[in-house]
Structure formats: structure tokens, C-alpha cells
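Me: I'm in my first year and still learning to read protein models. Could you take one part of this one and go through it slowly with me?

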Amino acid sequence: MLLAPVPAGDASTSGKVGPADAASLLLVFVCAVQALRGRVRELSPLAVLVLGVPALGLAVATATAGDPFAALPGFVRYLQVFVLVPAAIVLLVRDAGEFRLAAGCFVVLALVQGAVGVVQYVTHTGASYQGEDVRAVGTFGPGDVMGMATVVAYGLVVATAAALAPGLPRRVRRWAAAAAPVLVLPLVLSFSRGAWIATAGAAVLVMGLSGIRRALKVLAALTAAGVVLVGGFGVGSEMVAERLTSITQVSSAPDQSVTDRYTMWAAAESMWRERPAVGVGLKGFPANRDGHASLGLSSGSDTAGAGQAYIRQPLLSPHNMYLLVLSEQGLIGLTALAGGWAALLVAGLRRCVGPGAARDCGVIAVGLLVWQLTDFLYADIGGPSTVLTGVIIGLAAWWALPAPDDAGADGRGRRRVRTGSAVPAGRLAGAAGTAAR
């Protein structure tokens with residue numbers, strides 16, 4: 001569904017449901033039906049706690065908001081992304097084979113969106129950047145400039161992990177190794193500093209978990225791809241250099257986007273200090289922004305290009321997920337959400353470094369989760385690609401929180417039956433042959 005172009009619209013319009021959101025609701029409905037029929041995985045008590053506590057925090061933030069009715073759309077959105085979709089993924093993914101299928105879809109989506117983005121840069125039909133329509137945004141449009149960068153980064157992390165995974169077939173590893181350097185180009189042309197930083201961190205972790213020798217080979221390939229594309233062919237070299245330099249220009253001559261970001265961070269912190277326990281309520285940041293922000297904040301962000309006329313988009317969030325949750329939901333909401341993410345990360349890493357099968361799934365899950373948690377330092381939820389955040393949290397939870405009787409995690413030689421117990425595939429085949437005779 002994220003391959004379908006979404007019409008550009010005003011970012012201030014809430015309640016927009018795109019094709020991917022509709023698909024996620026269908027996923028949740030299918031999960032509910034399967035749960036009633038007893039055909040889903042069994043959840044451990046820890047999994048119930050990690051997946052369920054955020055719903056309580058969201059309910060508290062909605063009930064204590066100054067206008068609970070206005071906070072209701074935020075409650076539904078957060079519930080979709082951080083509770084319902086992750087729970088559906090955990091319950092419906094039966095084995096490592098289905099996990100790998102979902103991970104492969106990330107790579108396919110990234111390749112298609114990245115190809116669109118490269119064409120936009122070459123033909124000057126992308127989003128406006130420094131007076132030129134060259135910013136690669138894929139089908140997401142200039143109103144969601146982080147959409148393509150996010151999708152491409154997901155695919156790059158998955159491809160890097162798959163290329164290093166010793167348990168996967170050699171053909172799969174070769175295709176993944178070929179896809180990873182290709183995805184470097186659209187990621188660079190997205191000019192997204194946050195996506196670059198998050199991808200670098202996740203890739204280093206994935207390489208470390210996969211072994212030093214394999215990691216060095218992939219790192220060399222990715223570095224060579226970046227040098228050839230930017231240094232050799234000069235693909236956006238001046239713009240990329242300027243963008244990289246701006247990362248360190250926090251106090252000395254920062255650009256307006258950096259100034260706006262730090263101003264909104266300070267405003268979010270001020271909101272939290274006003275109501276530290278429960279925050280100002282879901283969807284409360286835009287209404288309280290002007291009363292807490294300094295005069296250095298601009299009136300909005302300029303967006304144009306990629307088939308859209310010039311629009312001045314209002315700044316409706318601090319572009320930091322942790323500060324957004326802290327300002328709108330207080331310590332209760334931040335503890336419920338970020339505490340669950342930290343639990344998934346710790347449990348996932350412990351399973352990755354321990355013995356067991358399907359370690360490729362673990363490396364992919366941990367890599368994607370680390371990317372998301374790092375990106376949350378520079379971005380928050382919003383736009384059509386947000387639904388993938390719920391999928392990633394679900395995949396990370398599937399790996400980190402196995403079912404109590406989950407013996408079929410490797411997807412090879414075992415099959416899950418309706419009661420949730422694992423039965424050897426060979427015994428099932430023998431029983432079937434006896435019945436046939």
C-alpha cells in the first residue's frame with residue numbers, strides 16, 4: 001500500500017487515513033478473528049505487559065487532557081501504531097519464514113521508492129531543496145520528506161543484516177549484498193540528516209552482531225558505494241557536504257531548520273515542566289507551542305516541488321518523539337512507551353548473543369529497532385510511513401518476547417498447530433502417511 005502515491009495535503013489536517021493505515025486496520029481485524037478461533041501464538045506474561053502498558057498510558061493522557069475530545073484522534077493513532085499493529089504482528093507471525101518474508105518486503109519497498117527518488121533527483125522533479133527540485137521523496141511528496149528516507153533506511157538495514165547472516169541461503173545473501181549498496185544512493189539524495197545518523201548507528205550494530213570479518217566486507221562495499229557515487233560521480237556532492245556540515249553547527253551559525261528544532265525542543269520541555277506527570281494531553285503540542293516557544297521559532301516550513309505547489313507547512317511537533325511524548329503524556333506516558341521499547345531492545349540483544357536458531361531474524365529485528373529508536377531523537381510519528389513503525393515494533397517484539405512454548409522459531413522442521421504446541425514436521429508426515437495407508 002505504501003507504493004501507492006498519496007495526494008499532497010495540508011499537514012495540519014488530522015484524521016487522514018491512507019491506504020497503508022486501512023491495511024493495518026484490516027491486519028488487526030484478521031488478527032482478532034484468528035484469536036477468536038484460537039489460531040494465534042500464545043503470549044507470555046512479559047509480552048502482555050510490554051504490549052499492553054502503553055495503552056494504559058495513552059488512556060491516562062487522553063482522560064487528563066484539557067480537551068479529551070480533541071485528544072481522541074491522537075489516542076487512536078498512538079493505539080494503532082504502538083499497541084494494535086505490534087500486537088497483531090506478534091500474534092500472527094508464526095515462524096521465522098514469515099518473519100523473513102516481511103523483512104524482504106521492506107527491501108522491495110525500499111528499492112521501488114528509492115528508484116523513484118533517484119529519478120526525481122536526476123530529472124529535477126523532486127521536492128524543493130535550496131531552490132532546486134532535487135530532493136528525493138519517492139511517492140510521499142514534499143509534505144512528508146522523511147517518508148522515502150525512512151523506507152529506504154529500513155530496507156538498507158534489512159539488506160545489510162541479510163547479507164551478513166550465515167544461516168540464510170547463499171543466493172539470498174548475494175541479492176541482499178547487491179541491494180545494500182544500491183540503497184545508499186537514494187538515502188544520500190534524501191538529504192535527511194536524521195536518517196543518515198540512524199542508519200549509520202544501526203548498520204554498525206548489525207555488523208557487530210554478525211561478526212567482524214563479514215562486517216568489514218559489507219562496510220567496505222557500502223563505503224565504496226558512497227565514495228563512488230558522491231566523490232566519483234559528484235552526485236549531490238556540494239549539497240551532501242553542506243548537509244553533513246550542518247549536523248555539527250548547533251551553536252555556531254545553525255540553519256533555520258536546526259534553530260526551529262531546538263526551539264521546539266525547549267518548548268516541549270517547558271510544557272512538561274508545567275504538567276510533569278500527565279503532560280498537556282495528546283494533540284496538545286500545537287495548541288500550547290506558541291505559549292512556550294521563543295521568538296526564534298519561524299512560522300513554518302516551506303514545501304514545494306514533486307507535483308505540489310508552494311505550501312507553508314506549520315510546525316506541529318518538536319521533531320523528537322521522546323520530547324513529544326514527554327510534553328503531551330508526561331512521565332507516565334514516556335515510561336509506558338519508552339520503557340517498553342527499552343525492554344524489547346534488551347531482550348532482543350540477549351537473544352541475539354545467546355545460542356539458538358534464526359539469529360538472522362534477531363539481527364534484523366534489533367537493527368530495525370535501533371534505527372527507529374535513534375531516529376526518534378530527530379523525528380516523530382506522522383505521514384503514511386508511520387504505519388511501518390508499528391510493524392517494526394511488532395517484529396522486534398516477536399523476536400524479543402517468544403511464546404512460552406515457542407519451539408518453531410527457526411521455521412525449519414517444525415510446524416505450529418492450532419493448540420499452539422510445536423510438533424516435529426517429520427512426525428506429522430509419518431502420521432499422514434499411516435493414515436493414507
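Reply: Let's look at the aromatic cluster, and then at what lies around and beyond it.

A word on the ground rules first. This is a predicted model, so local features need pLDDT of at least 70 and side-chain atom pairs count only at pLDDT 80 or more, while totals for chains, interfaces and linings use all residues. Residues are numbered from 1 along each chain as its sequence is written, and side-chain values use heavy atoms, with hydrogens and water left out.

Now the backdrop. The chain has 15 helices and 6 strands; helices (H or I, at least four residues) and strands (E, at least two) are DSSP runs, numbered from the N terminus. Of its 437 residues, 48% are buried. Here buried means under 20% relative accessible area, exposed means over 50%, and partly exposed is in between (1.4 Å probe, protein chains only). Among contacts with a separation of 6 or more, 75% join residues 24 or more positions apart, where a contact means heavy atoms within 4.5 Å.

On to the rings. A pair of aromatic rings is described by the distance of the centres and the angle of the planes. The structure holds 10 aromatic pairs. To pair, rings of Phe, Tyr and Trp (its six-membered ring) need centres within 6.5 Å; planes under 30 degrees apart count as stacked, over 60 as edge-to-face, and the rest as tilted. Take Phe-82 and Trp-341: their ring centres are 5.5 Å apart and their planes sit at 45 degrees, so this pair is tilted. Phe-82 belongs to helix H3 (residues 68-92) and Trp-341 to helix H12 (residues 321-353), so the pair ties together parts that are 259 residues apart in sequence. Both Phe-82 and Trp-341 are buried.

Trp-341 has another partner to show you. Its ring and that of Phe-376 have centres 5.3 Å apart with planes at 40 degrees, so that pair is tilted too. Phe-376 is in the loop between H13 and helix H14 (387-400), while Trp-341 is in H12, so here the parts tied together are 35 residues apart in sequence. Trp-341 counts as buried at 5% relative accessibility, and Phe-376 is buried with 2%. Put the ring pairs together and you get a cluster of Tyr-78, Phe-82, Tyr-322, Trp-341 and Phe-376.

Follow the chain back from Phe-376 and look at helix H13. H13 covers residues 359-375, which is 17 residues, and reaches 24 Å from its first C-alpha to its last, close to the 24 Å expected at 1.5 Å a residue; the expected span is 1.5 Å times one less than the number of residues. In H13, 15 of the 17 residues are buried, so the helix is largely enclosed by the rest of the structure. Asp-360 is one of the residues of H13, and it is buried with a relative accessible area of 7%. Leaving aside neighbours within four places in sequence, Asp-360 is in contact with Arg-100, Ala-165 and Leu-168.

Back in helix H3, there's a charged pair to find. Side chains of opposite charge can pair when their charged atoms come close. Arg-77 and Asp-21 meet through their side chains in a salt bridge (2.9 Å, N to O), a term for a side-chain nitrogen of Lys or Arg within 4 Å of a carboxyl oxygen of Asp or Glu. This pair links distant parts of the chain, with Arg-77 in helix H3 and Asp-21 in helix H1, 56 residues apart. Arg-77 and Asp-21 are both buried.

For contrast, try helix H10. Arg-273 and Glu-269 also form a salt bridge at 2.9 Å, N to O, but both lie in H10, 4 residues apart, about one turn of the helix. Arg-273 is exposed at 57% relative accessible area, and Glu-269 counts as partly exposed at 34%. In all, the structure holds 5 salt bridges.

Last stop: helix H1 again, residues 19-36, which also holds Val-30. Val-30 counts as partly exposed at 37% relative accessibility.
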